[in-house]
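This report describes the fold of one protein chain, moving from its overall form to its sheets, its helices and a few single residues.

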Amino acid sequence: MSMIRTRFTELFGVRHPIVQGGMQWVGTAPLVAAVANAGGLGMITALTQPGAEELAREIRRCRELTDQPFGVNLTILPSIKPPPYAEYRSAIIESGIRIVETAGSSPGEHMPHFRAAGVKVLHKCTSVRHAVTAERVGVDAISIDGFDCAGHTGEDDIPGLVLIPATVRRVGIPVIASGGFADGYGLVAALALGADGINMGTRFLCTAEAPVHDRVKEAIVAGDERNTDLILRQLRNTSRVTRNAVSQEAIRRLDEGAAFEDVRELVAGVRGREVFRTGDLDAGIWTAGLTQGLIDDIPTVAELIDRIVGEAEKTIAAGLPGLLER
Ligand SMILES: Cc1cc2nc3c(=O)[nH]c(=O)nc-3n(C[C@H](O)[C@H](O)[C@H](O)COP(=O)(O)O)c2cc1C
């Protein structure tokens, strides 16, 4: 059987060029292990765990569910009260994790520690210039997250169709295309643009193993590509989330000149967690992207990854060659 091999699958030692990016409240052992067992690269989300000890426990729990490689996402965002990043980092290294997805600010200060421990770093960012900086500070690969993505879009608003090849031109290390991917056709498009694989969030959120209420998954299936809002734009901290009563209220207040203090409670992460836990879709802000327009089922992770790989292999082997005139 033929397999899609890229610089990414070789470097990170996974069967398929498919990454499940960090997802707050979602990236826990059951989902990550399912991705690993299906041949993808799953990421436990460090900040979902209240502290370094709990993170180490979650890593152990994942190891009980899979013998395949998996990684940990460390999201580094500017914050008034920053989480204890050094403690999370130590827990990652001491747990023997060999792959980390950093996201947000430059991972520069963490790199010497990860390098010394032989950890490979996949840095996720939303602009070419940040990708160039990350390569310079020594990361092993870039995940470039286009404007289409769920969550933090950055402030440049460059969709993947331009951002992916623009990044591929400027860095020498492998590039993972992120934002807007949900099927094998997207994977082939990413490879054609010069990427070495894809990263997905929303698509994995809508799988059987994702630890969120069924009503959330059903809302993603029902939603289309117009079902998101960009919030916190005025504060230059733009996030793409599912449109609901809370996102609309946050936008309304900020449009009227409100300060962050006036929306802080509305957009609080713990309220988003309540959506996932209870299925009350208006309990808070919850992250999902434009791929709502491409998602119409709730498969298991193994079904999803097999399907994506199958679609991609068929498209490469038969679909595209069929377009060539003989
Ligand atoms: C529910 C949810 C939570 C997310 N939380 C994080 C996070 O904590 N850290 C991070 O780096 N990315 C986070 N993301 C972004 C994903 O890792 C990924 O980059 C993004 O979803 C890609 O766009 P897509 O949804 O179109 O696939 C989140 C995405 C979703 C859907």
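The text below takes up the whole chain, then the two sheets, then a helix pair, and lastly four residues.

## Overall form

The coordinates belong to a predicted model, and every value given here is computed from it. The protein contains 13 helices and 11 strands. Its radius of gyration is 19 Å, close to the 20 Å that the globule rule gives for 326 residues, so the protein is as compact as a globular protein of that length. The C-alpha trace spans about 60 × 45 × 40 Å along its principal axes. Of the 326 residues, 48% are buried, and among the contacts with a separation of 6 or more, 63% join residues that stand 24 or more positions apart.

## The barrel

How are the strands of the barrel ordered, and in what sense do they pair? The barrel is closed by 8 strands in the order 1-2-3-4-5-6-8-9, with parallel pairing. On average, and with direction ignored, neighbouring strands of this sheet are turned by 25° against each other.

Two of the pairings can be followed in detail. Strand 1 (residues 18–20) runs parallel to strand 9 (residues 198–200) and is joined to it by 3 bridges; here Val 19 has Asn 199 of strand 9 as its bridge partner. Elsewhere in the barrel order, strand 4 (residues 99–104) pairs with strand 5 in the parallel sense over 5 bridges, and Val 100 finds its bridge partner in Val 121 of strand 5. Strand 5 (residues 120–125) is mostly covered, with 5 of its 6 residues buried.

## The open sheet

Another sheet is open and consists of 3 strands in the order 7-11-10, with antiparallel pairing. Strand 7 (151–152) and strand 10 (228–231) are its edge strands, each of them pairing on one side only. Strand 10 is linked to strand 11 (residues 239–242) by 4 bridges in the antiparallel sense, and within this part of the sheet Leu 230 stands opposite Arg 240 of strand 11. Helix 11 (residues 245–255) lies across strand 10 and strand 11, and its direction makes an angle of about 35° with strand 10.

The strand pairings described in detail are set side by side here.

| Strand pair | Sense | Bridges | Facing residues |
|---|---|---|---|
| Strand 1 and strand 9 | parallel | 3 bridges | Val 19 and Asn 199 |
| Strand 4 and strand 5 | parallel | 5 bridges | Val 100 and Val 121 |
| Strand 10 and strand 11 | antiparallel | 4 bridges | Leu 230 and Arg 240 |

## A helix pair

Two packed helices are described by the angle between their axes and the distance between the axes. For helix 6 (residues 128–136) and helix 7 (residues 160–170), the axes come within 9 Å and cross at roughly 35°, and the crossing is right-handed. On the side of helix 6 the meeting residues are Val 128, Ala 131 and Val 132, while helix 7 brings Ala 166, Thr 167 and Arg 170. By character, the residues of this contact divide into 4 nonpolar, 1 polar and 1 charged.

## Single residues

Is Ala 288 buried or exposed? Ala 288 counts as buried because it has 24 C-beta neighbours inside 10 Å, and its place is in the loop between helix 12 (269–278) and helix 13 (301–319). Leaving aside neighbours within four places in sequence, Ala 288 is in contact with Ala 150, Thr 202, Leu 205, Ile 220, Thr 228 and Thr 242. In the case of Ile 220, which is 68 residues away along the chain, the C-alpha atoms are separated by 7.9 Å.

Most residues other than glycine have a negative phi. Trp 25, although not a glycine, has a positive phi of about 75°; it lies in the loop between strand 1 and helix 2 (29–37) and is buried, with 22 other C-beta atoms within 10 Å. Arg 236 likewise has a positive phi, near 55°, and is found in the loop between strand 10 and strand 11, but Arg 236 counts as exposed, with 8 C-beta neighbours inside 10 Å.

Val 270 belongs to helix 12 and is exposed, with 10 other C-beta atoms within 10 Å. Its C-alpha atom is 8.1 Å from that of Gly 284, a residue 14 positions apart from Val 270 in sequence.

Methods: Residues numbered from 1 in each chain as written. Predicted model: local features only at pLDDT ≥ 70, side-chain atom pairs only at ≥ 80, totals over all residues. Axes fitted to C-alpha atoms, helices over the stretch in contact; angles between N-to-C directions. Helix = DSSP H or I, 4+ residues; strand = E, 2+ residues; numbered from the N terminus. Left-handed = near helix turned anticlockwise from the far one by under 90°. Contact = placed C-beta atoms within 7 Å. Nonpolar A, V, L, I, M, F, W, Y, C, P; charged D, E, K, R; others polar. Pairing = 2+ DSSP bridges. Rg over C-alpha atoms; globule rule 2.2 N^0.38 Å. Buried ≥ 20, exposed ≤ 12 C-beta atoms within 10 Å, placed from the backbone.
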